Structure formats: structure tokens, C-alpha cells
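Me: I have a model open on my screen and would love to talk it through. Could you help me find my way around?

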Amino acid sequence: MNITIRKIGNSEGIILPKEILDRMGLKAGDELAVEEKNGGFELHAVDAAFSRQLDHARAFIDKYKVALKKLAE
């Protein structure tokens, strides 16, 4: 399946066909991660709950960086 890159405001983007979105279980507003791979791109659905948990973990690590480093010694 070929998809055309289109002008969207000051940016450029692609429009994914509904059949692809349905197959991936995605809808408008969902997030996709883009990974460059083997000379092309790979799209992955982003798990919003996991992303929030990861953000909280990173904040915790930043807040307690010194204590965690001491515990690791």
C-alpha cells in the first residue's frame, strides 16, 4: 500500500487509511512511535498507561538520584 506525504499547515504528514487504523486498534488522538529501521520506518502504537508510568518512574529516579546511587554502591 502506498501513502502520499501531504502538506498539513506548516508541516508535512501522512494520512493512514481507516482499514490500517482498525487493524491496529487505533483511533484519532492515539499516539504512534516512529522508529527508523532497515532503511525505512516502523510505526508502533504507544501504550498511554505505560508511558505515564514510565514518566513517573523517571521523575522518581531524578528526585532520588543521589539516594539510589548510594544504595547501588
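Me: Where is Ile 15 found?
Reply: Happy to help, and keep in mind that this model is predicted. Strand β2 covers 11-13 and helix α1 covers 18-24. Ile 15 is found in the loop between β2 and α1.

Me: Leaving aside its neighbours within four places in sequence, which residues is Ile 15 in contact with?
Reply: Contact here means heavy atoms within 4.5 Å. With neighbours within four places in sequence left aside, Ile 15 is in contact with Ile 3 and Arg 6.

Me: What separation do the C-alpha atoms of Ile 15 and Ala 57 have?
Reply: Along the chain, Ile 15 and Ala 57 are 42 residues apart. In space, their C-alpha atoms are separated by 33 Å.

Me: How many bridges join strand β3 to strand β4?
Reply: Strand β3 takes in residues 32-37 and strand β4 residues 40-45, and the two run antiparallel. Leu 32 stands opposite Ala 45 in β4. The strands form a hairpin with two residues between them, and Asn 38 in that turn has a positive phi of about 50 degrees. As for the bridges joining β3 to β4, the number is six.

Me: Which kind of aromatic pair do Phe 60 and Tyr 64 form?
Reply: The count comes to one aromatic pair. Phe 60 and Tyr 64 form that pair, at 4.9 Å centre to centre with 50 degrees between the planes. Planes under 30 degrees apart would count as stacked and over 60 as edge-to-face, so this pair is tilted.

Me: Is Phe 60 buried, exposed or partly exposed?
Reply: Partly exposed lies between the 20% and 50% cut-offs. Tyr 64 is partly exposed at 36% relative accessible area. Phe 60 has a relative accessible area of 46%, so Phe 60 is partly exposed.

Notes
Residues are numbered from 1 along each chain as its sequence is written. This is a predicted model: local features need pLDDT of at least 70, side-chain atom pairs count only at pLDDT 80 or more; totals for chains, interfaces and linings use all residues. Side-chain values use heavy atoms; hydrogens and water are left out. Two strands pair if DSSP finds at least two bridges between them. Helices (H or I, at least four residues) and strands (E, at least two) are DSSP runs, numbered from the N terminus. Rings of Phe, Tyr and Trp (its six-membered ring) pair if their centres lie within 6.5 Å; planes under 30 degrees apart count as stacked, over 60 as edge-to-face and the rest as tilted. Buried means under 20% relative accessible area, exposed over 50%, partly exposed in between (1.4 Å probe, protein chains only).
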